[in-house]
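Please look at the structure shown here and follow how its strands pair and how its nonpolar residues gather. A short briefing comes after it.

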Amino acid sequence: MMQPDRYSLKEAFVLHRRNFRETSLLLDIFSRDHGIFRLIAKGALRGRGGRSGVLQPFLPLSLAWTSRGEPAVLTAAEARGNIFELSGKNLFCGFYLNELLVRLLPPHDPHERIFACYGQSLQRLQTGGRLDETLRFFELALLEELGYGLLLDYDAESGAEIQAERYYAYGIEQGPVECGAGGSAVRGSVLLGLRNGFLTGHEEILAAKRLMRRVIQHYLGGRPLKSRDLFKYSTYSVFNIE
Amino acid sequence: MLQSGRLAQLIQALRVLPGVGPKSAQRMAFHLLQRDRLGARGLAEALLEAVEHIGHCGECRTLTEGELCAVCANPNRDGTQLCIVESPAEVFAIDQSTGFKGRFFVLNGRLSPLDGIGPDELRLDLLERRLQTGEVREMILATNTTVEGEATAHYLSEMARHFGVRPTRIAYGVPFGGEIEFVDGTTLAHAFNGRREV
């Protein structure tokens, strides 16, 4: 019989948990060294000895597991710090990050940079930084890591530097090309703002959101992200682009 | 395989019950057939009747035999308070032990984007329509204290405010009779932050 692979305590987050059979949990895990994968926590819901309390989303964890095919089986779990306490809109944003990871990252692919960036983003969501900037920063880093990075400093055709006050048509997988104002044209200041991780003014924030949504939708394929629906009644929505 | 035909079928069928594995299913099947055939017939009939006649309440969506459940049909219940729960079992739990005299709304789930469950899948438009009538003054959010339960509560609180209804969330923290030393950190932090004047 094949020997199972054993993995000793690794840094990880639970992205999503669902009940599995009577007392077990099926977990979507994002680990620093092994990326996204599925894990079964047997008996996690069983009474006091269960690990249900610690296997929460947004809680930094150390996990150990064995794998003999899919899904792997959890053998140990401990908290590595305090849970990121997200509430309200910030919690919705947390779901959004998790959904992006599950939908865009290929399984079993380590992405240390994104793992670090995820932790930083949760930290920013907890301390109540500007939600838009946090999300755009994460989206850009994720696309970059996947090799879909956005070209934000040079005109894709002329090679000229992006000018803040000029307008550009952004072609997905091509980059910005200078054009006239109007339609879906993006101001240069928006591209530069995204590059520098600093967006000012309502118009720019909105334009950056529109651009990023278009790009992400392209890589997601047809199925839209569900977590955006949560913002229907939010008076100020980080996803509202209308 | 010793069991075949109808016996195997019965054992397999019993396994739909929560907590029943192959071994227990086999014990149940033998018990019913060897010792309690009358009980088995009664069980079969009760199951058929229940599946046939029990549906969801037209107002609150809990399980009921009639068009409306007992709570919704009772004119003495206070229609200005609406308690939101995730499942019918919670309606019973709250009704039996809290003395709550208002009405309920059962979500039959919770918002969970990664499972593909959003407001549309939970049919929250039914709840919107209920709030639109203007009868409800307070919405008591009794969803579970999981992250999805919290997200659902927040979504519904925004919906309530949109319709001019006061949203409230049930308190949570140290269980009654519990000892602080043994309460997990997250729960204790919540209990501490949610302290109130006595």
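The points below are grouped by topic, after a note on conventions.

This is a predicted model, in which local features need pLDDT of at least 70 and side-chain atom pairs count only at pLDDT 80 or more, while totals for chains, interfaces and linings use all residues. Residues are numbered from 1 along each chain as its sequence is written, chains are lettered from A and ligands numbered from 1 in the order written, and side-chain values use heavy atoms, leaving out hydrogens and water.

**Strands of chain A**
- Strand β2(A), residues 24-31 (strands are DSSP runs of E, at least two residues, numbered from the N terminus), has 8 of its 8 residues buried (under 20% relative accessible area, 1.4 Å probe, protein chains only), so β2(A) is largely enclosed by the rest of the structure.
- β2(A) runs antiparallel to β1(A), residues 5-20, over 8 bridges (strands pair if DSSP finds at least two bridges between them), and Phe20(A) stands opposite Ser24(A).
- β2(A) is also joined to β3(A), residues 35-41, by 7 antiparallel bridges, and these two strands form a hairpin with 3 residues between them.

**Nonpolar cores**
- The largest nonpolar core (buried Ala, Val, Leu, Ile, Met, Phe, Trp, Tyr and Cys residues joined through side-chain atoms within 4.5 Å) has 93 residues, of which Leu55(A), Leu63(A), Leu101(A), Tyr118(A) and Leu156(B) touch the most other members.
- Domain 1 (5-79) and domain 2 (88-239) of chain A, with bounds from an automatic or database domain assignment, both give residues to this core, so it lies between them.
- A second, separate core of 14 residues includes Cys57(B) and Val106(B).

Definitions and conventions: Buried < 20%, exposed > 50% of the residue type's maximum accessible area, 1.4 Å probe, protein only. Helix = DSSP H or I, 4+ residues; strand = E, 2+ residues; numbered from the N terminus.
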